[in-house]
Amino acid sequence: MSNTIVIDPVTRIEGHSKITIHLDDHGEVVDAQFHVIQFRGFERIAQGRPIHEMPSIMARICGICPVSHLIASSKACDQILAVEPPPTGADLRRVMNLAQIVQSNALSFFHLSSPDLLFGFDADPAQRNIIGLLQANPQLVRDGVGVRRFGQQIIEWLGGKRIHPSWIVPGGVDSPLSEETRNRILSTIPEAIAAIERAIVWYKSSLLDWADEAASFGDFRSAFMGLVDQDGNVDHYDGLLRVMDADGNLLADRIDPTTYTDYLGEAVEPWTYLKSTYWKAIGYPQGVYRVGPLARVIVADRMGTLRADIELDEFRRRLGRVPGSSFHYHYARLIDMLYASERIEELLRGPDILLPRVRAFAGINSNEGIGVSEAPRGTLLHHYRVDDDGIVQWANLAIATGHNNLAMNRSVLQVAKRYVKSAELTEPMLNRVEAVIRCYDPCLSCSTHALGEMALQVQLIGPSGVVLDELVR
Amino acid sequence: MTDGVLLVGYGNAMRSDDGLGWHAAERLAEDQRLAGSVVLQRQQLTPELALDISESALVVLIDASTALAPGVFSVTMVEPAADVLDRTWSHHVSPTTLVAIARELYGRACEVYVVSCGVQSLDIGDRLSPVVEQALPQMVDAIAELVVLRAVLPEGLDEEGRIL
């Protein structure tokens, strides 16, 4: 080796998001803002690209849910080609999307959130992390690693290439499923389901410990939005949009997602790069709605698989039909994972899953396409306009974290009002601000890797605009 | 994977030099000196890689760095510190934590190296800056050399055991 061996850890520049908490003359919290301060610019990158490149480019938006962008992008391309994937191709896309749901939810629950739940929100951060978790509950970590690997392996096995599979393509998927791969995936499902069910049992046993947090972690009235199938069951790949209000009334049902601009507005604020989407009929900023696992289990009539439906029944017995607290994203995420694992098995046992016809081919037959799916964090829309040669002229991405932006801001404000009691920030307060955002599992950190390890910076700002205190983690 | 060599290039391929790990992975996957090794592209490190670290003979993580001068690369052996602390805030897991998880959970961690290269540009784009592009072949050679030295891949040696 001709180069120096350096033993220092790799250091990184931080700075992706910050929270400001504003106080009035009496020291009371009057506002709080969650700022995303890293410009992502993926819509700009899309301009000038040939449409067939879009899925693989969009897959690079996110390191945690590349498949979600691959799916939504390919569905938008399907519309531009004016094709429908053959049924087997669509089912194989579903399998990969569900594997993505499992692995992303697993990261959120097992790795990021379970330390909060095990040690509590007042615990020392030195303990409240995955290493502390390893020592306190190694089975939970083992299950988390196992469930993530389960989802990741399905994605890799389906992709069938050594690096970066772009198996999902406009018109379907690139190659059919082999019997060997089908059987290999099926053999891993029982352990994944067992691990998820162990986590559900553990979570339910500790749920009552967090009643105070559940009452202040984004516990407010809002609408919820997600995709449902023709029977009203949850649907992560296709389906129609359903929006339910805080009382369980349907604000809209069976909306064709390609008409999203009729219903959803997008607001831009000068203090953040993250767009805030809102329900147009209510207006901005009152038109708050939430998406993601909690929204999915709320808006759907049923999940549609045996074990997940049993858990959904218990969820509703414990919390009601429309629980208002974002704390319950954790519980919903577990049910979502359980459903996804069961549904993968159902799809793989389908009689036509090994058929060779998995892709439709066509040229440019439309100048506009909209692709919609449920990503781990919620409803994801890709909207492209192309010229007659299929070159992208314009792109709009409505991502789940944008749908949840207004709700996240409201949640941070609620936590700040409950826990900020002076002109000084404290660690327990910071822990809770961090944890309430984590409920939504926002995906902001993958914009750049070298710059991209998202720091949490909280500023307390007095009525004159002076920064009274600041904490960075 | 069991007792093999795993090479993971990670970063964001749409932010110029941040995608260095991806560019390196593409070259490594085609490199005959590394035949038999598994090459992955990842946007970030995630916990299940700990299982791979427990099952592999050698893992090399290829990364972009803002701490090094542009085009300068370093090879770092990962030593899990006793006080390792990853923020639970981020989706990213550090190499140190991955090694610690492998040891704690599976009782074994192979040698893990981080090969980092200093970046010049993190602007939006899928191409490397000239200075990093120029460093890439040397970096790939260094990784191949490291793998041959530490994992003794038979494919990397000639009949007399010399590095090809």
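**Sheet, core and domain contacts in a predicted two-chain model**

In chain B, an open sheet of 5 strands follows the order 2-1-3-5-4 with mixed pairing; strands are DSSP runs of E of at least two residues, helices are runs of H or I of at least four residues, and both are numbered from the N terminus. Two strands count as paired if DSSP finds at least two bridges between them. The edges are formed by strand 2 (38-42) and strand 4 (73-77) of chain B, each of which has a single partner strand, so one side of each is left without a neighbour in the sheet. From one strand to the next, the twist averages 25°.

The structure is a predicted model, in which local features need pLDDT of at least 70 and side-chain atom pairs count only at pLDDT 80 or more, whereas totals for chains, interfaces and linings use all residues. Residues are numbered from 1 along each chain as its sequence is written, and chains are lettered from A and ligands numbered from 1 in the order in which they are written.

Strand 4 of chain B runs antiparallel to strand 5 (residues 111-118) of chain B, and 5 bridges join them. Within this pairing, Val75(B) has Val115(B) as its bridge partner. Helix 1 (residues 20-30) of chain B lies across strand 1 (5-10), strand 2, strand 3 (58-70) and strand 5 of chain B, and runs at about 145° to strand 1 of chain B. Such angles run from 0 to 180 degrees between N-to-C directions, with axes taken as lines fitted to C-alpha atoms, for helices over the stretch in contact. Ser16(B), in the loop between strand 1 and helix 1 of chain B, has a positive phi of about 50° although it is not a glycine. This residue is buried, with 24 other C-beta atoms within 10 Å; the term requires 20 or more such atoms, while 12 or fewer make a residue exposed and values in between make it partly exposed, with C-beta atoms placed from the backbone.

The largest nonpolar core, a set of buried Ala, Val, Leu, Ile, Met, Phe, Trp, Tyr and Cys residues joined through C-beta atoms within 7 Å, has 188 residues. Among those with the most contacts inside this core are Ile335(A), Val412(A), Leu7(B) and Val60(B). Helix 4 (residues 87-119) of chain A gives the largest share, 12 residues. Not counting residues up to four places away in sequence, Val60(B) touches Leu7(B), Tyr113(B), Val115(B), Ile143(B), Leu146(B) and Val147(B); contact here requires C-beta atoms, placed from the backbone, to lie within 7 Å.

Chain A is divided into domain 1 (17-40 + 406-472), domain 2 (84-219 + 326-361) and domain 3 (220-324), with bounds from an automatic or database domain assignment. The C-alpha centres of domain 1 and domain 3 of chain A lie 25 Å apart, and their contact takes 12 residues from each of these domains. On the side of domain 1 of chain A, strand 2 (29-36) and helix 14 (405-419) of chain A each give two or more residues. The largest share of that side, 4 residues, comes from helix 14 of chain A.

Asp31(A) lies in strand 2 of chain A and is partly exposed, with 15 other C-beta atoms within 10 Å. Not counting residues up to four places away in sequence, Asp31(A) touches His22(A) and Leu413(A). In the loop between strand 9 (276-279) and strand 10 (289-290) of chain A lies Pro285(A); the peptide bond from Tyr284(A) to Pro285(A) is cis, with omega near 5°.

Methods. Two residues are in contact if their C-beta atoms, placed from the backbone, lie within 7 Å.
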